[in-house]
Amino acid sequence: MTEPADFLLAVEGLTVSFDGFKAVDDLSFYVDANEIRVIIGPNGAGKTTVLDLICGRTRASAGSVRFRGRELTRLKEHQIVQAGVGRKFQTPSIYEDLTVFENLEISFPRGRSVFGALAFRRDEAVRERVREVASLIFLEPMLGERAEALSHGQKQWLEIGMLLIQDPALLMLDEPVAGMSVSERRKTAELLRRVLRDRAVLVIEHDMGFVEDIAHRVTVLHQGRVLSEGSMQHVKSDPKVVEVYLGH
Ligand code: ADP
Ligand code: MG
């Protein structure tokens, strides 16, 4: 039997009430390492709240979130980041006045003692990592540009880069391709597949073409619960999903 500890992320019985209303209601799902999982579902289904609960922004009323075997529901937000969970919000929080390079550089985790007192060696390692991430997010030619000069899609990639530079084992993205052009969507899908090599990705998305393009498995949320789960093919042909979501 597969135990919860065998998964990268095991969410079990997760519940949160806002004034008696259960936005997430006894929710369980499991994500493997190196998996792209997409959460879909109608507006108000509780998708964003699930990410809020995992990253510690919202406190669970009940249930557990185990990540690499460690319970996250009692940790503070910054401890959850340190544990290896990176979360991107719907509106990008980049520094418009700083360059792409500087945005990535300030996101590099502080206080890693491996470099000891040799500050110059740390700087070298940071520059190296910044270039590596910039190339992943298609922004290497833009490293010297101020972030305000980027397109909407490039700003989204920059924010993903600011998370990647912290090397999270789980990357969570809330509607990353909203407002992107078709070609930007395609490149975002490519980007997520590239970053997968060493981490899992949990994505909320409405764009079914994009979901189809990237998802290994899909979890359909409805009224804070799992309505259906499996391959895109499976959930697409599930009459319950057609009724509450895809049919609209
Ligand atoms: P989704 O992302 O699937 O559209 P949300 O997770 O944002 O849905 O919201 C789920 C439900 O929980 C909605 O009815 C929303 O109004 C409610 N909700 C979310 N956050 C809060 C909060 N902090 N306080 C009260 N109600 C909330
Ligand atoms: Mg939402």
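How many aromatic pairs does a search of the whole structure find? Keep that question in mind while you open the model, which is a predicted one; the search finds two aromatic pairs, and the tour begins with one of them.

**Stop 1: an aromatic pair**

Select Phe7 and Tyr30, whose rings form a tilted aromatic pair, with 4.9 Å from centre to centre and 40° between the planes. The pair counts as tilted because the angle is neither under 30 degrees, as in a stacked pair, nor over 60, as in an edge-to-face one. Now colour by secondary structure: Phe7 belongs to the segment before β1, while Tyr30 sits in strand β2, so this pair ties together parts that are 23 residues apart in sequence. If you show the surface as well, Phe7 is buried, having a relative accessible area of 16%, whereas Tyr30 counts as partly exposed at 25%.

**Stop 2: the surroundings of ligand 1**

Next, select ligand 1 and display the residues around it, which are Phe18, Phe21, Ala23, Pro42, Asn43, Gly44, Ala45, Gly46, Lys47, Thr48 and Thr49. Sorted by class, this shell holds five nonpolar, five polar and one charged residues.

Which elements each supply at least two residues of the shell? They are β2, which covers residues 21-31, and α1, which covers residues 47-54; α1 gives the most, with three residues.

Zoom in on the oxygen atoms of the ligand and look at three contacts in turn. A polar backbone atom of Gly44 is 2.8 Å from an oxygen atom of ligand 1, and at Gly46 a backbone N or O atom lies 3.0 Å from a ligand oxygen. At Lys47 the contact involves the side chain, where an N or O atom is 2.8 Å from an oxygen atom of ligand 1. Taken alone, the ligand exposes 560 Å², and the protein buries 57% of that.

**Stop 3: salt bridges**

Leave the ligand and turn to charged side chains, for which a search of the whole structure finds 20 salt bridges. Begin by selecting Arg66 and Glu12, which form a salt bridge whose closest N and O atoms are 2.7 Å apart. Arg66 lies in strand β4 (residues 62-67) and Glu12 in strand β1 (residues 9-18), so the bridge ties together parts that are 54 residues apart in sequence. Arg66 is partly exposed, with a relative accessible area of 26%, and Glu12 is partly exposed too, at 23%.

Now select Arg37 together with Glu35, another salt bridge, in which the closest N and O atoms are 2.8 Å apart. Are these two residues buried or exposed? Arg37 is buried, and so is Glu35.

For a bridge between helices, select Asp213 and Arg193, whose closest N and O atoms are 3.6 Å apart. Asp213 lies in helix α7 (residues 208-214) and Arg193 in helix α6 (residues 182-195), so the pair ties together parts that are 20 residues apart in sequence. Asp213 is partly exposed, with a relative accessible area of 37%, and Arg193 likewise counts as partly exposed, at 40%.

**Last stop: a network**

To finish, select Asp32, Glu35, Arg37, Arg217 and Glu229 at once, since salt bridges that share partners join these residues into one network. Two members, Arg37 and Glu35, will be familiar from the buried salt bridge of the previous stop.

Terms used: Residues numbered from 1 in each chain as written. Chains lettered and ligands numbered in written order. Predicted model: local features only at pLDDT ≥ 70, side-chain atom pairs only at ≥ 80, totals over all residues. Heavy atoms only, no water. Near = heavy atom within 4 Å. Polar contact = N/O pair within 3.5 Å; in protein donor to acceptor, adjacent residues only side chain to side chain. Areas by Shrake-Rupley, 256 points an atom, 1.4 Å probe, with all protein chains shown as cover. Helix = DSSP H or I, 4+ residues; strand = E, 2+ residues; numbered from the N terminus. Nonpolar A, V, L, I, M, F, W, Y, C, P; charged D, E, K, R; others polar. Salt bridge = Lys/Arg side-chain N within 4 Å of Asp/Glu carboxyl O. Buried < 20%, exposed > 50% of the residue type's maximum accessible area, 1.4 Å probe, protein only. Phe/Tyr/Trp six-rings, centres within 6.5 Å; stacked < 30°, edge-to-face > 60°.
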